Amino acid sequence: MIVAANFKTNHTRESTANYLEALNLFLDAYSTFCDVRVYPTASSFLKADLYSHIKLGAQNFYPIINGACTGEIGAQQLSEFGVKNVLIGHSERRAALKETQEFIAKKYAFAKENGWDIIYCIGEPKDVRDNGFENVMEYLWGEFDGIDINYEKLSIAYEPIWAIGTGISAEVKDIAKVLDTLKSRLNNIPLLYGGSVNIENLSSIISLKSCNGALIGNASLDVANFCKLIQIAQNVQKQ
Ligand code: PEP
């Protein structure tokens with residue numbers, strides 16, 4: 001079970017350090033089967049090996065080792081911190097940062113070449129959802145263009161765009177339908193759900209048979225809250 005925190009553009013270097021220390025201490029005492037991942041801002045990276053129970057990840061990178069790419073970070077900068085986990089395809093980067101499927105596929109191939117763990121994000125906008133399930137699946141399969149689904153370090157996060165950061169999660173039965181359909185073609189790839197996950201809805205979502213975890217934004221920002229979410233995931237996993 002993967003429980004992942006996406007900080008987006010939140011937390012400072014200092015508050016990230018405090019958060020990670022508190023989370024690692026919690027995980028030291030509370031042994032869990034969960035694979036706990038945290039994706040801070042790049043300016044808040046700390047050495048990944050300081051936190052034995054947490055996998056530190058990057059929300060973004062540019063597909064180069066190093067070189068002329070103003071404002072971006074490459075593999076050399078990630079490896080300085082021992083970061084080997086990345087998010088790719090998040091809808092905020094697809095929309096606001098205009099990342100195309102072609103560019104996303106390039107990032108994916110680069111991450112694969114480097115042997116990084118990838119959480120690959122997919123999700124449909126509201127107008128596609130309003131046109132029914134078949135349209136949703138067609139849209140989602142389109143987001144696999146150029147993506148090697150046989151890569152063994154791949155997990156997929158299904159995040160309906162209209163549910164991200166809105167406080168309105170998708171309905172559990174709709175999440176189940178999408179995840180079951182993805183699972184039928186994607187076999188053993190771990191599938192996460194993301195989109196307004198919180199303490200109230202996490203248990204029913206990750207109890208779904210095709211759900212292997214959650215990618216959490218807002219509800220992960222407070223470390224005590226994130227610890228509760230891990231406990232909920234752990235309790236579901238034990239059942
Ligand atoms: C996300 O950004 O991946 C996300 C799921 O955010 P939130 O939990 O805030 O909807």
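How many aromatic pairs does the count come to? The count comes to 13 aromatic pairs. The model is predicted. The close-up views below turn to one of these pairs and to the ligand site.

**View A. An edge-to-face pair formed by Phe7 and Tyr19.** A pair of aromatic rings is described by the distance of the centres and the angle of the planes. The ring centres of Phe7 and Tyr19 are 4.7 Å apart. Their planes meet at 80 degrees, so the pair counts as edge-to-face, the cut-off for that class being over 60 degrees. Phe7 belongs to the loop between β1 (2–6) and α1 (13–29). Tyr19 is in helix α1. Twelve residues separate the two, and the pair links distant parts of the chain.

**View B. The shell around the ligand.** The ligand is surrounded by 14 residues. The closest are Lys8, Glu159, Gly165, Ser196 and Gly217. By class, the shell holds four nonpolar, eight polar and two charged residues. The site itself is the second largest pocket.

**View C. Polar contacts to oxygen atoms of the ligand.** Lys8 places a polar side-chain atom 2.7 Å from a ligand oxygen atom. In His90, an N or O atom of the side chain is 2.9 Å from an oxygen atom of the ligand. Gly217 contributes through its backbone: an N or O atom there lies 2.8 Å from a ligand oxygen atom. On its own, the ligand has 290 Å² of accessible area, and the protein covers 99% of that area.

How values were computed: Residues numbered from 1 in each chain as written. Predicted model: local features only at pLDDT ≥ 70, side-chain atom pairs only at ≥ 80, totals over all residues. Heavy atoms only, no water. Near = heavy atom within 4 Å. Polar contact = N/O pair within 3.5 Å; in protein donor to acceptor, adjacent residues only side chain to side chain. Areas by Shrake-Rupley, 256 points an atom, 1.4 Å probe, with all protein chains shown as cover. 1 Å grid on protein atoms, 1.4 Å probe; cavity = no way out; pocket = protein on both sides within 12 Å on 5 of 7 lines; lining within 4 Å. Sits in = over half its atoms within 2 Å of the grid points. Nonpolar A, V, L, I, M, F, W, Y, C, P; charged D, E, K, R; others polar. Phe/Tyr/Trp six-rings, centres within 6.5 Å; stacked < 30°, edge-to-face > 60°. Helix = DSSP H or I, 4+ residues; strand = E, 2+ residues; numbered from the N terminus.
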